[in-house]
Every structure is written in C-alpha cells, then in structure tokens.
Amino acid sequence: MAKLKINGKVVDIEVDGATPLLWVLREQLGLTGTKYSCGIGACGACTVHINGEAVRSCMVPVATLNASQEVVTIEGLSVDNTHPVQRAWAELDVPQCGYCQPGMIMTAAALLKDNPNPSDADIDAKVTNICRCGTFNRVRRGIHLAADINRRGRS
Amino acid sequence: MNTEHINVSRRDFLIRSTALGAGFSLGLYLPWATGRTFAADGLAQASAAEVPEVNAWVVIEPDDTVIIRIARSEMGQGTLTGLAQLVAEELECDWSKITTEYPTPGQSLARDRIWGSFSTGGSQGIRSSHLYVRKGGAVARHMLIEAASNQWGVPMAECLAANSVITHVPSGTTTTYGKVAAAAAQLFPPEHVALKDPKDWKIIGQPVKRLDTLDKLNGKQVFGADLKLPGMLNAAIKACPVFGGTLRSFDEAKVRKLPGVRAVVRVEDYAVAVVAETWWQAKTALDALPITWDRGANVKVSSASIAQMLDEGLRSNDEVFVGNEQGDAKKAVLGAAKTVEATYAYPYQNHATMEPMNATARWTRERCEVWCPTQNGEAALEATAAAAGLPIAKCEVYKLHLGGGFGRRGAIHDFVTQAVAIAKQLPGIPIKLLWSREEDMTHGHYHPVTHCRLVGGLDDKGNLTGLHVRISGQSILASVKPSWWRGGVDTIAFQGFHADGDHAISYTVPNLLVEHAMRNPPVPPGFWRGVNINHNAIYMECFVDELAHAAGKDPLEFRRQLMADHPKSLAVLNAVAEKAGWGKPAADGVHRGLAVVKTFGSHVAACAEVSVDDQGKLTIHRIVAATDPGYAVNPQQIEAQVEGSFVYGLSALLYGECTVKDGAVEQQNFNDYPSMLINEMPKVEVIVMPSGGFWGGIGEPTIAVAAPAVLNAIFAATGKRIRRFPLKHVELRPV
C-alpha cells in the first residue's frame, strides 16, 4: 500500500513497495505519458518531477515516497500544452517520434525552474536524456525559446 | 444530384468483401480503427460520424474537417505530414482542417490493396507513393467540384475549388467541401486527372508544421507500449541468449504464486514468457524464473571468430559477387605509378529504438487481432496470420505510433509472432508483450558486420586509374528477404557503388571492380537506418580521402576531378565546401573533412569541422550538409531529418558496437551501448537544394556522410587514419 501525491491529487495504491514509480504511474494510474525505455536510469525517458526536481522514475521504488512529496508527470505539467516548454516545443516542432519527449520536456522544465536563463553549457550539463531520433538541436533551441517565453510573460 | 452515378468500384468492393466471409462484415462505411477514434482509448470503433469517403484517400465531414488516409507509418520522420501535404496540394483543401488516419492492412487487402504498399523503409514513404497519393487528392477534388456543379446545375468548367471552398465563378455562388462531400461520394471517379505543375504548388515545398506534434507534448500520444485494452494482461519474455539456441525447460512452480502471475508459457521453441496482471509483475517473475537453455551450435561464435571469417573473405575467391565492373581494375592497379591500400572494418550495431519492441494480440479460434507499432502493416498482418494459424482474412492489424523504427520494425515482426504465440495460449484475452531493454539489445536484427579492403592506383600525375573494392561480410537479404536476392547476389550490399540508379557511385573511375564476398555469421542482420550505405560510404569516402593525400591533392579538388559526369553530386559537394569555407582558414585547431554520396535517390554531401585536443578529446563543432532530393516536400522536416540522421550516424561512429561472446550479444542496455547526448551535438547547417525532376529520399541519405566527413576531418586534425570502429576504442591523442 502506498499513498502518493500525483499531479496534485493524493492517491492510495495497492502495490508492492519495491515497484518503481514509473510502473505505478503507467500501470496503476494509467499515466502512460511517462515512458519506459531502459529501466536503469540511463536514458531519461521516465523523467518526472519530485518536489520540483527532475527524477528518473524507473529508479524510485514507490515505498520511498509518501504523500508529502509532490510528484508531477507530463500529464500534470500544464493544462492544454501551455507550459512555456510545451509552447516552445510546439513552435519549433521539436519531437520526431516523440517517445523520449515527455522525459525531455520534464527535464527542460526542471532546468528552467532552477535556472531561468540557461547557457548552452548549462543545457549540456543538465540535459542528459537519450534521443535516438536526434532532436538535440531543436531541444536546445526550444529551451532557449522557453526561457524567452518566460521572460516575456513576466515583463 | 445525379443518382445514376453509383460508384461501381465501391459496389464491387461490397460484393467482394461479402464473399470473404465472416471475418469481414464490412458495410458501405468502413469501421476506422485508428486516428481520432482509436487513440482515445486504444479500442477499434466505428467512426463517430459515419461519413462516406470521397475516395480511398479522402473523407470530408460536414464541418469541413478533412481526413486524409495515410498508409505509411509515422515513426518520427514526418511522413504523415509530408504525405498529407501531397494529397492536400491536389485536393485544394483548407490545411488548417486536416487530420489523418491509418487505414488497416486488412481493409486494404479487402480492397485489392487500394492504398498500395504499407512499407515504410528505405526512405520510400514519399518518393514511392507521391504519384498515386497526389492523384488521390486530385480525383477527390474533381468529384467534389462535380457534386457542386450538379447541385447548381452548371457546367463543371465554370467552377473552381480553393481552400475547401467551391465557387461558381460566373455567379459567385459558393459552397464548401463539407456540404457536397456526401454527394461527391456517390459519383464515378474521373478516369483521368491532371496533376499540378510543380511551379504551381502551394503546400508542397512549404515548411508547414507537423500534424502530430501536440499530442507528443503532453503524454497523450499512444505508442504501442502504452496501449491498454479491457481485460488485458501483460507479458515479459526471454529468448535464448544464444542465436539459434532453444528453450529446454523452466521451473514454473518457482514463480507461479508470485503476485499477479497468471501464466508461464513457452513461446515457439526458443523463448519463455510470464503473463501477469502488470508488466512489472511479469518482469519480476521472469527474472526469478529458473530457465534451462539448449544453447545450440553457435555457442562458440565470438567477435573474433566472426572477424576471422570476414578476413578470409577479403582474400578468398569463394562466394564472391561482382556489383560493379568497369574496365580492368586489377590490371590498372598493378600498372599504377603509386598504389594505395587500406582495410576497414565495421561492427554490429543495434537499432535501439527508444520504445522497446512490443505488440498486443488477442486470439480466438475465429479471429486474431494485433495492435502494434510497425513500419509495415501488411508484413505485420502476414506475421499475425502465420502465427495465429488462421487465414489472413480472419486477422487484422491496427497500427500504433512507433517510438522509433530505424528499420527494426519493418521487415521482421518477431515481436508480433511472439505476442500471437502467447495470446494463442490464453484465448480471448488481449496480451501486451513488451520487451525489456535487455531483451531488445540482445535480440536485435543488427546492422550487418563487414570488412573492406580497397586498393587504388594513381598515375604519375596523381590521377586515379583503378580501384578495387572487396567487401567481405554479411548479406541482409540472404537472411531477411531471400525473395529480393537476385541469383545469389545481394545487390543492396553494393549501395553507393552501383553503376547507376538510386545508390550510384558519385565518381567516374576508369577501371573499377567492386566485389562482395558473402560471409554470413549466425547473428541476425537487419535493415538499419541507411542500411549498407553506412559502411560503404565510410569505406569509399575515407579511402578517396586517402587517395587524395597520396596523390598530394586537395581532397575537394581530387573529388571534383572524378565528378564531371555527376553534376548533381558535384553540386551538393560544392555547396557544402563553399558554405563551410573550404580552402579558407578555419578557427584555430579546427580541421575539416568532406564526404559525398548518392543514396536512396538523393544527392548528399557534408563538410565536418572537428578539433582534437592534447588529451585526445574529439569535439565535432559543426557540420554543413546539403541534400538534393529532387523535390523537397517540407524543408523544415528535411532539416530535422538531417540533424537527426547525424545523431544516429555519429552515435554509431562514436559508440555503436555489439560484440559477440559465446554466441550471444554482450551489450545489455544504454550503459554499455551508449548513444550520443546533447553535449556532443555539433551545430548543423542544412542546405536543401531541390533541383527538380526526380524524387529522392530524406530519412536516410545524410546519415551516410556524417561519419566519413568527421573521420576525414579527424585525419586532417591528427594525421590518424581510423579504420576500425567505433571511435571509443581509438586513441586520438597526438603521439
């Protein structure tokens, strides 16, 4: 039994405590936007936010979480694709196959929260997600554009 | 409305589909199983509004929504949008009202393959179907205009269509496609329609946004791995790690009582699967399952034994096929003033799609259905029927978006065969089979392994007089597509070396001999984005660079001298050289390298800029790439494909290697089979230079020039010729 707070809602889940958060999201909660790809924390496709930090959910046993931690998945990032990262991604047509993109977007959103104006070096350091289609240059432009959108929103 | 014009072909279709029997109870309106009605809950349903199609390619709803049917598969390459642009161009519809849906392969077969090939590989999506999909749009436009002119009682010639609005020009009366679509659907299609002159295109050639982006930003896009059906169970699988090995036994009792486990089943003769309520439970139980394998005859196969086999092929006269022969290359080389010789080797590589292999199957004695990401719905249907033991008419495949394809999900549907084999043991229950990353890494259909020896002859002026290329290694076709295998010769082994056609050599070599010594190790090969051009372009383009240096000539000038009869290839080469600043000084420590090929019908070239520091650290700063695909349907997506192809190609160059030990692939996951990350990504400058008159591919061609351009730049930077890959093994530090 686990009590979690996912996208603002507290949920009780009947599940073995060793189950990774990724699989609880996908199989118990039906939040399939968070993707399985490697299962060893190497690729970033399963990235979610836990208390605002980008975390690879395949490496988090659900027993280590409780309802005081805010888990946000791609489904909870915004209503209607309005997060600046989603707006930038739409503007630049970033995704190709799209499978890694929820993780990429969650990683980018966490980066921008900590660092509203990241340099290319900051992006290189923080975005370590694998994309086999090769969207990296648009991801980079997307992060800079999202930073711009944020700035315009504030001014 | 002229009610006499009943569409005979549709009536024929009804008669034929009735004759097909119980499996096909298709009415006038086909139950569409994808797009709008499918993605929402993963269930095949009849379309919400049962709107008759105007023709096979076009459905228009009363609110003017235009549904364009796409037979090829979207896997990131943008073909969904590109093909929709082709139909929309001729349809003259409002681009903002377009949506798309996949017809199913079963529906296509029932209609005499009305949608043509479903195969999405070989960069074929657009270039092999542009004519009939544009015609599909033009025919629909004609029928819509005819329906309006009938309603108005005016000559068709007085009516024009634009942006989904039909206007009777003399009176100014207008109507919309949505209002006349039902009437248009009852008309005969015209026998002849004229297609637009390319100079009049308004949508083709425009950098329109992709149609599939928004759902990829919020988790709504349903990939195969995300599918959920009512009552569905999940399966995890392990196949014998040794290629050709079989399953001897497993101790079911050890896991049967673990949480959620519902069944432990044998899958064909080589694998075992655990079926559980959730996939995590299935995988946990499978990891705990004691399994005994019969490792079979290949247990002693290793990378070293394979290398030995291929080296033998470099010297042997057995099983050697000629792919291109001009003049007498051996004689020319013997008589040359200067001879250059080099031997290269290219390793096995895994496709490593981000979404591991998966398929969902439901089997009963009467019917078998499969939901899966596939590059070829018809091949998936064939695999389904074979595994189900049912006639093809009693089977159906519903295509889902692919989390990457790269050739892995096209010709071979082992994952479908397995899913059906499991579902057959649990009749009526939908079973979703998902491979673990480890299963995916160790049971690929790998980029084939080859070695290559090249010998070139130069005269005393440094001109190339003869070239002998001997490739030794694996034939993909021998294993995957024996039906394409002409007289024992694997013609695609010679990609980039052909005398003419889509993969023609870009040079005129007076005496040329290109041979393939076919050596097929027991590791399954497959089509891997770019296929054989990946290694062939490295061999040829790096060796041309070697020849240029041996001749004391500038690599650009040396190439140009051989390209007088290849003006389109020369044009892309010149374009990258000019934009990159070839011949002008680069930034301090930065060095350049070139490559040019014709492949998949397109002419492509690249100029790479790299530096290698004192510690041997390689930085790829910039790649300028040019593509002449004849016609460019969507330039911004071409740019995305070129950039993406470099990530795939450079990941292969830097890290891509599957080694074999005791008959099995050693690499298990992304920790030991890495892929390049954003911090290694060069700046890419894309030149799209469509010269018209032909249709070339986009998804694959530029992958071929990434590696050789970088390797030639590394030589310029370090003086080191690298002929063994990947680069992770190579010491680049200056000595």
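**Chatting through a predicted two-chain model**

Biologist: Let's start with helix α16 of chain B, residues 567-580: what span does it reach from its first C-alpha to its last?

Modeller: Bear in mind that this is a predicted model. Helix α16(B) has 14 residues, and at 1.5 Å a residue the expected reach is 20 Å. The model comes out close to that, with a first-to-last C-alpha distance of 20 Å.

Biologist: And which residue just after α16(B) takes a positive phi?

Modeller: Look right past the end of the helix, which runs over residues 567-580. The phi there is about 85°, and the residue is G581(B).

Biologist: Which residues of α16(B) are buried, and what covers them?

Modeller: The buried ones are S569(B), V572(B), L573(B), A575(B), V576(B), A577(B) and A580(B). An α-helix has 3.6 residues a turn, so residues three or four places apart point the same way. As for the cover, it includes α15 (555-561), β22 (591-599), β23 (602-612), β24 (618-628) and β27 (683-688) of chain B.

Biologist: V576(B) is buried, so to speak of the core: which helix gives the largest share of the largest nonpolar core?

Modeller: That core has 282 residues, and V576(B) is among those touching the most other members, along with L144(B), A273(B), V274(B), A606(B), V705(B) and V710(B). The largest share is 13 residues, and it comes from residues 703-718 of chain B, helix α18.

Biologist: What does V705(B) touch, leaving out residues up to four places away in sequence?

Modeller: V705(B) is one of the core residues that touch the most other members. Its partners beyond those sequence neighbours are A537(B), A595(B), V596(B), V597(B), V604(B), A605(B), A606(B) and A625(B).

Biologist: Over to the contact between the chains: which element of chain A gives the most to the side that touches chain B?

Modeller: The contact takes 47 residues from chain A and 46 residues from chain B. On the chain A side, α1 (21-28), α2 (84-92), α3 (101-114), α4 (120-126) and α5 (136-154) each supply at least two residues. By class, that side has 23 nonpolar, 16 polar and 8 charged residues. The top contributor, with 5 residues, is α5(A).

Biologist: Within chain A, which element gives the largest share of the side of domain 1 that touches domain 2?

Modeller: The assignment gives domain 1 (2-76) and domain 2 (84-154), with C-alpha centres 21 Å apart. Here 14 residues of domain 1 are in contact with 12 residues of domain 2. On the domain 1 side, β3 (47-50) and β4 (53-56) give two or more residues. The largest share, 3 residues, comes from β3(A).

Conventions. Residues are numbered from 1 along each chain as its sequence is written. Chains are lettered from A and ligands numbered from 1 in the order in which they are written. This is a predicted model: local features need pLDDT of at least 70, side-chain atom pairs count only at pLDDT 80 or more; totals for chains, interfaces and linings use all residues. Two residues are in contact if their C-beta atoms, placed from the backbone, lie within 7 Å. Helices (H or I, at least four residues) and strands (E, at least two) are DSSP runs, numbered from the N terminus. Ala, Val, Leu, Ile, Met, Phe, Trp, Tyr, Cys and Pro count as nonpolar, Asp, Glu, Lys and Arg as charged, and the others, Gly among them, as polar. Domain bounds come from an automatic or database domain assignment. A nonpolar core is a set of buried Ala, Val, Leu, Ile, Met, Phe, Trp, Tyr and Cys residues joined through C-beta atoms within 7 Å. A residue is buried if 20 or more other C-beta atoms lie within 10 Å of its own, exposed if 12 or fewer, and partly exposed in between; C-beta atoms are placed from the backbone. The expected span of a helix is 1.5 Å times one less than its number of residues.
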